[in-house]
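This report covers pockets and aromatic pairs in one model. The sequence and structure come first.

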Amino acid sequence: MNTKYTIEIDTHTHTIASTHAYGTLSENLEQAAKRGLKAIAITDHGPLLPDSPHPWHFYNMRILPRIINGIIILRGIEANIMDTEGNLDLEDDFIKKLDWVIASFHKQTFTVVDSKIHTKALIAAASNKNVDILGHLDAPEYPFDIKEVVSACKESGVFIEMNASSARVRKGGEETCRKIAIECMNQGVPVLLNSDAHCPWDVGEVSAVASILESISFPLELLMNHKADKLLDFIETKRNRKLRK
């Protein structure tokens, strides 16, 4: 697809540390380079989701080089939203050492209830100072008040993800994704296009959601990972650490 809605950083990728994924870090990096990415985040699932890595996996990400074969590595997690109080499934001492934190619903760690409870949980997650972005909000089983959650993200400085794998694994959420993007456009809340890659070949592949932004003429300046430096500046300032040499 020929589109202006391209990315230089994929901030949602999984490795075989989440054993329902099928690629190594090296394989993900190889694909990132082929797609011309400048950085990727390694965001394996939080430890309370079945077949996820042990908490030490996230603590030990400190041993990873900052740059491998020219690709900047962001040490991250797709943490699980656990309750309506903003709690995640990795202790603060570990999560504060990471560069990038996605907060997401998964049925194994947050029981589907109703829109009111889901909205409350998402607003609480957005208020968690460790959270950078809310992940795959288009999941049909988790309806929520889009306007309220986008407003909470604006207030907290948290981004919203447009997840390219949803078309395959969370079928039926395309219209919700469009509504979220429109509300983000209306409120001026930045979004990120991410692959949620569970195999190396999907790293950097975001055409499924780029087409949604294209269809509503979404402002390119609100696409936070369109240019690497824009997002890296944000992370370096928020985390008070250097990611680039």
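Twelve residues line the second largest pocket of this predicted model. Thr6, Gly204, Glu205, Val206 and Ser207 are the lining residues that lie nearest the centre of this pocket. The space in the second largest pocket comes to about 210 Å³. Its lining is made up of six nonpolar, four polar and two charged residues.

The largest pocket has a volume of about 440 Å³. Its lining counts 23 residues, and those nearest the centre are His20, His45, His106, Val169 and Arg170. By class, this lining of the largest pocket holds seven nonpolar, eight polar and eight charged residues.

The next topic is the aromatic side chains. Across the whole structure, a search finds six aromatic pairs. One of them joins Tyr59 and Phe94, with the ring centres 5.1 Å apart and 35° between the planes, and this pair is tilted. What does this pair tie together? Tyr59 belongs to helix α2 (residues 55-59) and Phe94 to helix α3 (residues 92-95), so the contact links parts that are 35 residues apart in sequence.

Are the two partners buried or exposed? Tyr59 has a relative accessible area of 26% and is partly exposed. Phe94 has 13% relative accessibility and counts as buried, because buried means under 20% relative accessible area.

Phe159 and Phe234 form a tilted aromatic pair as well, with 4.8 Å from centre to centre and 55° between the planes. Phe159 lies in strand β7 (residues 159-163), while Phe234 lies in helix α9 (residues 228-239), so this pair ties together parts that are 75 residues apart in sequence. Phe159 is buried, at a relative accessible area of 5%. Phe234, with a relative accessible area of 22%, is partly exposed.

The table puts the four residues of these pairs side by side.

| Residue | Element | Relative accessible area | Class |
|---|---|---|---|
| Tyr59 | helix α2 | 26% | partly exposed |
| Phe94 | helix α3 | 13% | buried |
| Phe159 | strand β7 | 5% | buried |
| Phe234 | helix α9 | 22% | partly exposed |

Which residues form one aromatic cluster with Phe159? Trp100 and Phe234 do, and the three residues Trp100, Phe159 and Phe234 make up one cluster. Within this cluster, Phe159 and Phe234 are the partners in the tilted pair with 55° between the planes.

How values were computed
Residues are numbered from 1 along each chain as its sequence is written. This is a predicted model: local features need pLDDT of at least 70, side-chain atom pairs count only at pLDDT 80 or more; totals for chains, interfaces and linings use all residues. Side-chain values use heavy atoms; hydrogens and water are left out. Rings of Phe, Tyr and Trp (its six-membered ring) pair if their centres lie within 6.5 Å; planes under 30 degrees apart count as stacked, over 60 as edge-to-face and the rest as tilted. Helices (H or I, at least four residues) and strands (E, at least two) are DSSP runs, numbered from the N terminus. Buried means under 20% relative accessible area, exposed over 50%, partly exposed in between (1.4 Å probe, protein chains only). On a 1 Å grid over the protein atoms alone, a cavity is a set of points where a 1.4 Å probe fits but cannot get out, and a pocket is an open set with protein on both sides within 12 Å along at least five of seven lines; lining residues have an atom within 4 Å of a point. Grid points are joined across faces, edges and corners, and a volume is the space filled by probe spheres set on the points. Ala, Val, Leu, Ile, Met, Phe, Trp, Tyr, Cys and Pro count as nonpolar, Asp, Glu, Lys and Arg as charged, and the others, Gly among them, as polar.
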